[in-house]
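Work through the following exercises with the sequence and the model side by side. Each task is followed by a solution that goes step by step.

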Amino acid sequence: MRFQAISSLSRQARDRGLGARWRAALLAGCTALVLAGCNGGDGSSPMSKASKSLSPQTLALIDQKGMTKSSPIVVRIFKEESELEVWKETTSGEYALLKTYPICRWSGELGPKVREGDRQAPEGFYAITPGQMNPNSSYYLAFDLGFPNAYDRAWGRSGSNLMVHGDCSSRGCYAMTDEQVQEIFALGRESFYGGQRSFQVQAYPFRMTTDNLVRHRNNPNLAFWKMLKEGSDVFEITKAPPKVDYCGKRYVFNATPTDPNQKLQASQPCPDYTMPEGLEEEVAARQKDVSTKIASAGALQPVAPVKTGKDGGMHKVFLAKLENPELSAPGSLPPVVKPPGSDYGVSTTEPAPAESIALATADTVTEAAAVPLPAPRPDDAPGGPRIAVAAAPSTGGFFDNLFGGLTSAPTASAPPAVAAATPASAPTPPQASGAPSADAQARPAERAPLPQLAALDAGSNGGFLDSLKNLFGGSAPPAEAGPAAEPIADVPVPPVRPPVPRQATAAPAPQGATRASPPAPATSSVVSSGSATTPGTVQTLPGAAGILAPGSFSAVQ
């Protein structure tokens, strides 16, 4: 009987031209039931925090900016700046910025989420429906981002329970304070009450400016970020959330297939499609500007690190409060917070240790567990074990001929952590200083022996001082045996230089000659290393090639 009455009301409303408003009201009623259940008001019930009203200050700001409490919203997130924005539709139909919220904590590095457990907070475009709002979250309040979306699934990416929530603690999420998420949750709830079926979250690595993309031009995620910039540009140009579709394993925005019978599918090639007149040209012009400035960027133009080692970020206002708990911040912090770069939590009721603040504000942090250590010298080497220095392969050049008595110490197999510093026969991209990439860590431990320089102390093994003694006469006093040098844990192995082409092979030495014999007096300041060299001239030594910083996340092309 009740169903018949509802059906009759629905038909009457449709007949009177009120169908759209009736459906919106019905949706709002269902949303209210989902979010608030039977518990309303601001009491102490479990659902009271989910139905708490917006503050008078926020309502006044909404009215001041020409918006309504229930108008649609868009959320924009920027990792590097640690900021979350809420945009709201105005009475003119365009969207305007309502508020910017500092993010208390996010985890991972810049770049998309790839797999379950990588601690990456997602990047991309996500739609939040009423069913993704979680009023019973363990982290006060939360809404699920809906990762993976169709684009993520097309690339085989995995992950679950990626949220925007409270409690300032993140393992792949964007964490706010409880007070912040209370208001963001309420703004989303009110937009659903107003008839918005879902609100869009645009999650970016940083603000999508040309300068930022130029600064991150060496990152393997650059192609993916340029694609996200297209969506950001559409939003900025139209002042409305872009219509998001997927095809050819990429995002497309405000696209309409030329053939209405064709569909845009994430894993299928893109059919011919069009964008609104003028929009496509404007987006293309912005993309061209980015590509031009990246191509013209000089070597002296700053480049951002690909991996910071800090495991995410925290807005500076919260770092300031950790340093001085007496300062105010937008919301309360839990008793213990783990700042970026630290492997331990700090109390929020007393000033945090200076070293934890320094790590959180540093550009990069060396992860102790991943820092490659120098190879030690053998225990039986003169003077005891010391730190080995990797040497480039001998080419019979100037120093080899000048110090003919220089010999190599016994070689030892390098541990996996140092093997990456050994010159390889096949050219490989050099790695930037810092923690090795996942590919480097996966290489087998059996590598070529690490060349070592001869001992620097005097002895009978033809060391450096012996060479000087033979060259200039006299004898060096024996070195005192000192304690073994401690390995420097925070100094990464230098990057591998590209192989240096050998010059023409020098004529063989006379039979019986040995490298231990002192060289004949030189008649010029330079001795050729095999090729004809004019006496008195210095042959140019090869310089280091450009270093490519490693990235731990797959580039999306």
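**Exercise 1: strand E5 and its partner**

Four of the five residues of E5 are buried (under 20% relative accessible area, with exposed meaning over 50% and partly exposed in between, for a 1.4 Å probe and protein chains only), so E5 is largely enclosed by the rest of the structure. The model is predicted, so local features need pLDDT of at least 70 and side-chain atom pairs count only at pLDDT 80 or more, while totals for chains, interfaces and linings use all residues. Residues are numbered from 1 along each chain as its sequence is written, and side-chain values use heavy atoms, with hydrogens and water left out.

Task: determine how many bridges join E5 to strand E10.

Solution: strands here are DSSP runs of at least two residues, numbered from the N terminus, and two of them pair if DSSP finds at least two bridges between them. Five bridges join E5 to E10 (residues 199-204), and the two run antiparallel; within E10, Val201 is the bridge partner of Tyr126.

**Exercise 2: the open sheet**

Task: establish which strands stand at the edges of the sheet.

Solution: the five strands follow the order E4-E9-E8-E7-E6 in an open sheet with mixed pairing. E4 and E6 (133-134) each have a single partner strand, so one side of each is left without a neighbour in the sheet.

**Exercise 3: Pro112**

Task: decide whether Pro112 is buried or exposed.

Solution: Pro112 lies in the loop between E4 (105-106) and E5 (124-128), and its relative accessibility of 1% makes it buried. Beyond neighbours within four places in sequence, its contacts (heavy atoms within 4.5 Å) include Arg157 and Phe224.
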